[in-house]
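Here is a short briefing on one protein chain. Look over the sequence and the model first, then read on.

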Amino acid sequence: PAVAAGGQGGLLDVVTDTDLARNRRIFFCFSESASAGGAGGGGNSTALARATLSADARSLQDVQVIFSQRPKVASALHFGCRIVQTGDGHLFLTLGDRYHRKDDAQKLDNHIGKVVRIEPDGQVPADNPFVSTPGARPEIWSLGHRNMQGAALNTASGELWATEHGPQGGDELNRVLSGR
């Protein structure tokens, strides 16, 4: 897909599927250009794609964008873009506040400053915390984040942990909790 490379944007993370040996699938996130996904209106966003490695592992096949942050924003800053896959296959994706849109991180009608949780095909899990909340983006797992630059799963507890920029230095390490 078209990548909006510039500033803090570009190809930002890549992970292998937990069942890579069987399905040869990878997931990657990147800053998506303004025209991608038919969104129009300018700006860019964080996107998550999946692809299948070719038999010789030299190329990608069946590349498909499975998530695209809304709204697109005219900024080259704070994309987030860390991917974590859980043991049951769900995908967490961190999304930055895009720097100038930090107030949107507290609102449920957008993906700015959020962690989203989706299925490997891009569908929304039925048990996401805001699925039944009117006006909320159903992909949202957690909100109020600035710009997460690291994320990992505690495999013993199943908890997601993430690091993000502190607004005046002092970066944070947080447990990312459902609906919080």
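Is Arg22 buried or exposed? Arg22 counts as exposed, because its relative accessibility is 63% and the cut-off for exposed is over 50%. This is a predicted model. The points below cover its nonpolar cores, aromatic pairs, salt bridges and two individual residues.

**Nonpolar cores**

- The largest nonpolar core has 13 residues. Phe27, Leu48, Phe67, Ile83, Leu91 and Leu93 touch the most other members.
- Several strands each supply at least two residues of this core: β2 (25–32), β4 (60–68), β5 (80–85), β6 (91–95) and β7 (114–118).
- β6 gives the largest share, with three residues.
- There is also a second, separate core of eight residues. Val84, Phe92, Val115 and Val176 are among them.
- Back in the largest core, Phe27 has contacts beyond its neighbours up to four places away in sequence. They include the core residues Leu48, Ile83 and Leu91.
- Phe27 also touches Asp13, Val14, Val15 and Asp17. Further contacts of Phe27 include Ala49, Arg50, Ile66, Gln85 and Pro120.

**Aromatic rings**

- The structure holds two aromatic pairs.
- One pair is Phe28 with Phe30. The ring centres are 5.8 Å apart and the planes meet at 35°, so this pair is tilted.
- Both Phe28 and Phe30 are buried.
- The other pair is Phe92 with Trp141. Here the centres are 5.4 Å apart and the planes are at 70°, so the pair is edge-to-face.
- Phe92 belongs to strand β6 and Trp141 to strand β8 (residues 140–143), so the pair ties together parts 49 residues apart in sequence.
- Phe92 is buried, because its relative accessible area is 6% and the cut-off is under 20%. Trp141 also counts as buried, at 14% relative accessibility.
- A ring also meets a charge: the charged end of Arg98 sits over the ring of Phe79, 4.0 Å from its centre.

**Salt bridges**

- A search of the whole structure finds seven salt bridges. Three residue pairs and one network are described here.
- Asp19 and Arg22 meet through their side chains, at 2.5 Å from N to O. Asp19 is partly exposed, with a relative accessible area of 30%, whereas Arg22 is exposed.
- Glu32 and Lys72 form another salt bridge, at 2.8 Å from N to O. This pair links distant parts of the chain, 40 residues apart. Glu32 is in strand β2, and Lys72 is in the loop between β4 and β5.
- Are Glu32 and Lys72 buried or exposed? Glu32 counts as buried at 2% relative accessibility. Lys72 counts as buried at 12%.
- Asp104 forms a salt bridge with Arg101, and the closest N and O atoms are 2.7 Å apart. Asp104 is buried, at 11% relative accessibility. Arg101 is partly exposed, at 28%.
- Arg101 and Asp104 also belong to a network of salt bridges that takes in Lys107.

**Thr46, a buried strand residue**

- Thr46 lies in strand β3 (residues 45–53).
- Thr46 is buried, because its relative accessible area is 0% and buried means under 20%.
- What does the side chain of Thr46 reach? It reaches the backbone oxygen of Phe79, at 2.8 Å. The ring of Phe79 is the one under the charged end of Arg98.
- Leaving out residues up to four places away in sequence, Thr46 touches Phe30, Phe67, Ser68, Gln69 and Phe79, among others. Its contacts also include Cys81, Leu93, Thr94 and Leu95.
- Two of these contacts, Phe67 and Leu93, belong to the largest nonpolar core. Another, Phe30, is part of the tilted ring pair.

**Asp62, an exposed strand residue**

- Asp62 is placed in strand β4.
- Asp62 counts as exposed, at 63% relative accessibility.
- Beyond its neighbours within four places in sequence, Asp62 is in contact with Arg50, Ala51 and Thr52. Arg50 also touches Phe27.
- How far apart in space are Asp62 and Val73? Their C-alpha atoms are 27 Å apart, and the two residues are eleven places apart in sequence.

Definitions and conventions
Residues numbered from 1 in each chain as written. Predicted model: local features only at pLDDT ≥ 70, side-chain atom pairs only at ≥ 80, totals over all residues. Heavy atoms only, no water. Core = buried A, V, L, I, M, F, W, Y, C linked by side-chain atoms within 4.5 Å. Buried < 20%, exposed > 50% of the residue type's maximum accessible area, 1.4 Å probe, protein only. Helix = DSSP H or I, 4+ residues; strand = E, 2+ residues; numbered from the N terminus. Contact = heavy atoms within 4.5 Å. Phe/Tyr/Trp six-rings, centres within 6.5 Å; stacked < 30°, edge-to-face > 60°. Lys NZ or Arg CZ within 6 Å of the ring centre and 35° of its normal. Salt bridge = Lys/Arg side-chain N within 4 Å of Asp/Glu carboxyl O. Polar contact = N/O pair within 3.5 Å; in protein donor to acceptor, adjacent residues only side chain to side chain.
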